[in-house]
Amino acid sequence: MYRLAEAFNVPPEGFIAEHTDVLPRALVIRDDRRCGNLEAWTEAINRLRGRPEYRTQHPTDVLHLVVQKWAVFSGCVTSVIESNFSRARVLFNEQQRSARDELEEAYLRLALMDAPKDGSERLLGQAQELWFRVLGGRARAPLAKFRI
């Protein structure tokens, strides 16, 4: 819990106290609704924040901040991964899907990497470096002919 508080830059004592207080409510909501953790925590916090008499007895300011940051972080990570999978699926046709693993990896690394802003020379250098590192330097003859 201390590491999590440190990662989200919140006071650990307040975070642990609020987490301990709200956890049973979040678990009940998760089980009743059969929803994910994020939805359960959000609903539990919103219920406590929604009534003035609960707000003073059950503070959630620190926990609310952590859950907000967690939601943003998990959404960003998921969207980047999903975006890369979608791009990879579009980049590979049926013939390319039968490529050797190291060729597929090299191709995807090049295709999904951020293009440098300082020109194509740097991109070409990165492509050459990756080629040598993954494939050992020289281009090899294709193992199979393309089907038409």
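**Figure 1. Confidence across the predicted model.** The chain of this predicted model has a mean pLDDT of 77. Of its residues, 59% reach 70 or more. Among the elements, helix α2 has the highest mean pLDDT, 94. The lowest, 68, belongs to helix α6, residues 101-112. Over residues 144-148 the pLDDT falls below 50. Beyond near neighbours in sequence, that stretch makes four contacts in the model.

**Figure 2. The chain is built from seven helices and zero strands.** Along the sequence the pattern reads α-α-α-α-α-α-α. The chain has 148 residues, and 20% of them are buried. Its exposed surface comes to about 11,100 Å². Carbon and sulfur atoms supply 57% of that area. Among contacts with a separation of 6 or more, 43% join residues 24 or more positions apart.

**Figure 3. Helix α2, residues 12-33, viewed end to end.** The helix holds 22 residues. At 1.5 Å a residue, α2 should span 32 Å. Its end C-alpha atoms lie 29 Å apart, so the model agrees with the expected span. A kink of about 40° lies at V22. The proline P24 comes shortly after this kink. Past the helix comes R34, with a positive phi near 55°.

**Figure 4. Buried residues of α2.** F15, E18 and H19 are buried in this helix. V22, A26 and I29 are buried too. V22 is also the site of the kink of about 40°. Two of these buried residues, F15 and V22, return in the next view, among the core residues with the most contacts.

**Figure 5. The largest nonpolar core.** This core has 17 residues. V10, F15, V22, W41 and L63 have the most contacts inside it. Three elements give two or more residues each: α2, α3 (37-50) and α5 (61-91). Helix α3 gives the largest share, five residues.

**Figure 6. Surroundings of W41.** Which residues does W41 touch, leaving out those up to four places away in sequence? The set includes H19, V22, L23 and A26. L63, V67 and W70 complete the list. Of these partners, H19, V22 and A26 are buried residues of α2. V22 and L63 stand with W41 among the residues with the most contacts inside the largest nonpolar core.

Note on methods: Residues are numbered from 1 along each chain as its sequence is written. This is a predicted model: local features need pLDDT of at least 70, side-chain atom pairs count only at pLDDT 80 or more; totals for chains, interfaces and linings use all residues. Side-chain values use heavy atoms; hydrogens and water are left out. Helices (H or I, at least four residues) and strands (E, at least two) are DSSP runs, numbered from the N terminus. The expected span of a helix is 1.5 Å times one less than its number of residues. The bend at a residue is the angle between axes fitted to the seven residues ending there and the seven starting there. Buried means under 20% relative accessible area, exposed over 50%, partly exposed in between (1.4 Å probe, protein chains only). Contact means heavy atoms within 4.5 Å. Accessible areas come from the Shrake-Rupley method with a 1.4 Å probe; for residues, only the protein chains shown count as cover. A nonpolar core is a set of buried Ala, Val, Leu, Ile, Met, Phe, Trp, Tyr and Cys residues joined through side-chain atoms within 4.5 Å. pLDDT is the predictor's confidence in each residue, from 0 to 100.
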